[in-house]
Amino acid sequence: MSVIYLLISISIFVAIGFFVAFVIAVRTGQYDDDYTPSVRMLFDDELAKKNQKSTITKEN
C-alpha cells in the first residue's frame, strides 16, 4: 500500500513539473504564431484589389 502512495506522490510532482514548464513556455512566447502573419502578407494584395473593386462599383 505504501508503494501506491509513493507512486501517486511522484506522479503529482511530475505533473506539477510539466505544468510549470508549460506556463514558462507560454509566458516566453513559445506558442506565438509566427507563420500566419508571413502568409497573410502574401494575400494582402488580393484583399486590397477586392476592396478597390468594391469601392469602384459602389461609386458608379
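Here is a short chat about this predicted model.

Me: What makes up the protein chain, in helices and strands?
Reply: There are three helices and zero strands, so reading along the sequence you get the pattern α-α-α.

Me: How do you know that the span of helix α1 agrees with its number of residues?
Reply: Helix α1 runs over residues 2–27, which is 26 residues. At 1.5 Å a residue it should span 38 Å, and its end C-alpha atoms are 38 Å apart, so the two agree. Just after α1, G29 takes a positive phi of about 85 degrees.

Me: Which residues does the "transmembrane region" annotation cover, and what is their structure here?
Reply: The unreviewed UniProt entry puts that label on residues 6–26. In the model, residues 6–26 are 100% helix and 0% strand, with end C-alpha atoms 30 Å apart.

Me: Why is the pair of F22 and Y31 called tilted?
Reply: Their ring centres are 5.9 Å apart, and centres within 6.5 Å count as a pair. The planes make an angle of 45 degrees; stacked needs under 30 and edge-to-face needs over 60, so what is left is tilted. The structure holds one aromatic pair, and this is it.

Me: Why is F22 called partly exposed, but Y31 exposed?
Reply: F22 has 44% relative accessibility, and exposed starts over 50% while buried means under 20%, so F22 falls in between. Y31 has 56%, so Y31 counts as exposed.

Me: How much of the protein chain is buried, and how much area does it expose?
Reply: Buried residues make up 2% of the 60 residues. The chain exposes about 5,900 Å², with carbon and sulfur atoms supplying 66% of it.

Me: Where is confidence lowest, and where is it highest?
Reply: The lowest is in helix α3, residues 44–59, with a mean pLDDT of 62, and the highest is in α1, at 96. The whole chain averages 81, and 72% of the residues score at least 70.

Conventions
Residues numbered from 1 in each chain as written. Predicted model: local features only at pLDDT ≥ 70, side-chain atom pairs only at ≥ 80, totals over all residues. Heavy atoms only, no water. Helix = DSSP H or I, 4+ residues; strand = E, 2+ residues; numbered from the N terminus. Expected span 1.5 Å × (residues − 1). UniProt positions renumbered as here; feature names shortened; annotations may be inferred. pLDDT = per-residue confidence, 0-100. Phe/Tyr/Trp six-rings, centres within 6.5 Å; stacked < 30°, edge-to-face > 60°. Buried < 20%, exposed > 50% of the residue type's maximum accessible area, 1.4 Å probe, protein only. Areas by Shrake-Rupley, 256 points an atom, 1.4 Å probe, with all protein chains shown as cover.
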